[in-house]
Amino acid sequence: MVKIGIIGGSGVYGVFEPKETVKVHTPYGRPSAPVEIGEIEGVEVAFIPRHGKNHEFPPHEVPYRANIWALHELGVERVIGVTAVGSLREEYKPGDIVVTDQFIDFTKKRDYTFYNGPRVAHVSMADPFCPEMRKIFYETAKDLGFPVHEKGTYVCIEGPRFSTRAESFMFRQYAHIIGMTLVPEINLARELGMCYANIATVTDYDVWADKPVDAQEVLKVMAENNYKVQELLKKAIPLIPEERKCGCADVLKSMFV
Ligand SMILES: CSC[C@H]1O[C@H](OP(=O)(O)O)[C@H](O)[C@@H]1O
Ligand SMILES: Nc1ncnc2[nH]cnc12
């Protein structure tokens with residue numbers, strides 16, 4: 001069974017030569033694309049491009065529930081979400097990697113849960129990212145000599161528009177990076193007891209700095225830095241222990257009413 005799943009973000013549409021492509025149907029419809037199964041340094045991995053093969057799903061229309069459900073159905077226990085993010089701080093520079101450790105949710109209208117009743121669940125999100133995977137990704141990125149931040153708070157906006165300057169200045173008070181896709185991907189993974197880690201690549205200084213970000217810039221910087229994500233996944237994935245000792249699945253014991 002494949003235990004590790006990668007969800008690739010903007011500019012990341014494949015991370016290995018697939019051995020197999022699986023069309024999964026879920027109670028929530030189809031995932032963004034058929035799931036690719038392949039190997040990274042001998043470890044079996046499943047991959048879904050979050051925005052579809054041709055970037056046809058904007059962030060507010062990504063079928064998050066279908067993506068997470070499909071990975072879970074295939075046996076995935078650990079999800080690695082790869083994202084492009086804007087920087088809200090001078091010291092988080094374009095090209096840097098962030099191993100996100102917290103988030104703030106500014107989305108407005110998404111499907112946030114698998115439990116819309118009659119079964120009701122309140123999942124704990126105090127420390128939402130897998131500590132085991134975070135440590136491995138941070139240390140591996142450092143060993144590879146990549147500029148990496150051990151922590152960072154990700155503010156997730158609804159999109160698809162970018163922020164106004166006023167919004168950006170407000171977000172700067174509380175968060176380090178900004179994107180449009182972490183939520184509800186992480187909530188949903190957690191509701192199924194899966195581990196979640198976020199590998200964020202900084203692509204721009206959002207709009208608080210002089211030059212406002214645009215989509216072309218994000219894709220260009222992501223293309224330039226894609227090799228870091230690929231190298232990081234190649235070196236870190238074999239270090240992820242098969243058996244989980246992180247406790248991420250423990251939330252299942254106490255989340256149901
Ligand atoms: C292409 S610009 C905005 C777009 O890029 C980020 O995508 P992802 O998180 O999937 O890497 C951002 O969240 C927006 O969806
Ligand atoms: N500045 C930004 N705002 C929102 N999402 C982003 N993704 C990459 N850069 C971004």
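Me: Before we dig in, what counts as a polar contact here?
Reply: A polar contact is a pair of N or O atoms within 3.5 Å. Keep in mind that this is a predicted model.

Me: Great. So which backbone contact does an oxygen of ligand 1 have with Ala 84?
Reply: A polar backbone atom of Ala 84 sits 2.8 Å from an oxygen atom of ligand 1. Met 180 also offers a backbone N or O atom, 2.8 Å from a ligand 1 oxygen.

Me: And what about the side chain of His 51?
Reply: An N or O atom of that side chain is 2.5 Å from an oxygen atom of ligand 1.

Me: How much of ligand 1 does the protein cover?
Reply: The cover is 93% of the 390 Å² of accessible area that ligand 1 has on its own.

Me: Nice. What's the make-up of its shell?
Reply: Around ligand 1 there are 5 nonpolar, 6 polar and 1 charged residues. Among them are Gly 9, Ser 10, Arg 50 and Pro 59.

Me: Switching to ligand 2: which side chain has a polar atom by its nitrogen?
Reply: That's Asp 204, with a polar side-chain atom 2.7 Å from a nitrogen atom of ligand 2. For the backbone, a ligand 2 nitrogen is 3.3 Å from a polar atom of Ala 84, and one is 3.2 Å from a polar atom of Gly 86.

Me: How well covered is ligand 2?
Reply: The protein covers 95% of the 260 Å² that ligand 2 has accessible on its own.

Me: Last one, which element gives the largest share of that shell?
Reply: Strand S5 (78-87), with 3 residues of the shell around ligand 2.

Technical notes. Residues are numbered from 1 along each chain as its sequence is written. Chains are lettered from A and ligands numbered from 1 in the order in which they are written. This is a predicted model: local features need pLDDT of at least 70, side-chain atom pairs count only at pLDDT 80 or more; totals for chains, interfaces and linings use all residues. Side-chain values use heavy atoms; hydrogens and water are left out. A polar contact is a pair of N or O atoms within 3.5 Å; within protein, one must be able to donate a hydrogen and the other to accept it, and residues adjacent in sequence count only if both atoms are side-chain atoms. Accessible areas come from the Shrake-Rupley method with a 1.4 Å probe; for residues, only the protein chains shown count as cover. Helices (H or I, at least four residues) and strands (E, at least two) are DSSP runs, numbered from the N terminus. A residue is near a molecule or strand if one of its heavy atoms lies within 4 Å of it. Ala, Val, Leu, Ile, Met, Phe, Trp, Tyr, Cys and Pro count as nonpolar, Asp, Glu, Lys and Arg as charged, and the others, Gly among them, as polar.
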